[in-house]
Amino acid sequence: METRPLRGKPVRDAVLTDLKNKINHESRPPGLAVVLAGDNPASAVYVRHKEKACREIGFHHVTHRFSSEVTQGEILSCIQQLNQDPLIDGVLVQLPLPDQLDQQEVLLAVDPQKDVDGFHPENLGLLVAGHPRFIPCTPKGILHLLQYYDISTPGQKVAVVGRSLIVGRPLAMLLSLKREDGNATVTLCHSRTRDLPAATRQADIVVAALGVPQALGREHVSEGAVVIDVGINRVEAPETKTGTRLVGDVNADELDGWVSAITPVPGGVGPMTIAMLLENTWEAMMFRSQAS
Ligand SMILES: NC(=O)c1ccc[n+]([C@@H]2O[C@H](COP(=O)([O-])OP(=O)(O)OC[C@H]3O[C@@H](n4cnc5c(N)ncnc54)[C@H](OP(=O)(O)O)[C@@H]3O)[C@@H](O)[C@H]2O)c1
């Protein structure tokens, strides 16, 4: 069987072009603020990518950088200022935060109307109630990707492996909602799932978001299924110039020729996440202008 690659870049480009056209008709660009604390190298890379994407399509963006010794009070007061700033539509706190900070209190401080990551309980509650306001970016990107490649979910069996707040849990919820990009029968798997291969082999679509490099192979996926590989793991690769390479949470070599479609790593789900962040920021600007 030929395995179709579900590449994120064309979908990302289409989303960004659409946003660029939309903002041409507005009196000001949407504004995104990122709060970055500490010196986590992966976080610094993600934030640079976010800034670059904002520049590419003309969004206003600011990044507030704090050292790893930052106090809870300093972060909260920064968020309060951003909540009040009329030129900022979206506020994102880059996770993980340094250990001394109370992450839950920080996330709760973000104005739910500017919570473009969709992690505030008010937004998660709306999602569960079936009326999402801001959908967390990675799950939203996966729904876009499925739609772009005409992979419909109504009536399909989907196994989501991983129940994190950022990916697995909101995605499982979205896919089970009564709407055209949902209506799936969803099994949410995690580290305590008994006989994971038996659970995932039942599925027409398998989503791997467990954070374990190349963990799922042929024994986990039925022939002809669709695989969405969310994982981004850097592993040692002495054969490469840098000595490392990125791999997903599935064994792509083993699944090539076995499944009908798969998202490559890198270049599958990854490019979608930032595009969805910008889309959420645009939507935040629209909500706020309708409310005022
Ligand atoms: N492409 C993107 O833009 C993007 C965005 C976010 C994350 N990611 C990647 O996606 C992956 C998951 O990220 P995350 O933040 O959701 O991870 P996470 O917070 O570490 O959560 C991992 C989840 O997988 C489950 N799990 C771990 N080992 C398992 C196993 N052997 N069998 C079954 N379930 C297992 C855990 O179960 P328990 O709950 O029982 O512990 C947990 O629910 C990572 O590779 C990350 O780098 C990519």
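The following paragraphs describe the overall form of a predicted protein model and then several of its local features.

The protein contains 10 helices and 11 strands, and its C-alpha trace extends over about 55 × 45 × 35 Å along the principal axes. The radius of gyration is 19 Å, which agrees with the value near 19 Å that a compact globule of 292 residues would have. Of these 292 residues, 47% are buried, and among the contacts that join residues at least 6 apart in sequence, 71% link residues at least 24 apart. The exposed surface amounts to about 14,000 Å², of which carbon and sulfur atoms supply 51%. As for charge, the protein carries 28 positive and 34 negative charges, and the mean positions of the two sets lie 2 Å apart.

Helix 5, which comprises residues 121-128, has Asn123, Leu124 and Leu127 among its residues, and these three are buried. Viewed down the axis of helix 5, the buried residues fall within an arc of 100° and therefore line one face of the helix. Such an arrangement can be read against the regular geometry of the α-helix, in which there are 3.6 residues a turn, so that residues three or four places apart point the same way. The cover over the buried residues of helix 5 includes helix 7 (168-176). Just after helix 5, Gly130 adopts a positive phi of about 90°.

In helix 2 (residues 41-57), Glu56 is partly exposed, with a relative accessible area of 38%. When neighbours within four places in sequence are left aside, the contacts of Glu56 are with Arg12, Leu16 and Lys20; Lys20 is separated from Glu56 by 36 residues in sequence, while the C-alpha atoms of the two residues are 8.8 Å apart in space.

Several backbone features may be set against the general background that most residues other than glycine have a negative phi and most peptide bonds are trans. The bond from Leu95 to Pro96 is cis, with omega near 5°, and Pro96 occurs in the loop between strand 4 (90-93) and helix 4 (103-109). The bond from Val265 to Pro266 is likewise cis, with omega near 0°, Pro266 being placed in the loop between strand 11 (261-262) and helix 10 (270-291). Asp195, although not a glycine, has a positive phi of about 55°; this residue lies in the loop between strand 6 (185-189) and helix 8 (196-201) and is partly exposed, with a relative accessible area of 49%. Gln214, also a residue other than glycine, has a positive phi near 50°, is situated in the loop between strand 7 (205-208) and strand 8 (226-229), and is partly exposed at a relative accessible area of 32%.

Key. Residues numbered from 1 in each chain as written. Predicted model: local features only at pLDDT ≥ 70, side-chain atom pairs only at ≥ 80, totals over all residues. Heavy atoms only, no water. Helix = DSSP H or I, 4+ residues; strand = E, 2+ residues; numbered from the N terminus. Rg over C-alpha atoms; globule rule 2.2 N^0.38 Å. Buried < 20%, exposed > 50% of the residue type's maximum accessible area, 1.4 Å probe, protein only. Contact = heavy atoms within 4.5 Å. Areas by Shrake-Rupley, 256 points an atom, 1.4 Å probe, with all protein chains shown as cover. Lys, Arg positive; Asp, Glu negative; His and termini not counted. Charge placed at Lys NZ, Arg CZ, Asp CG, Glu CD. Arc of directions from axis to C-beta.
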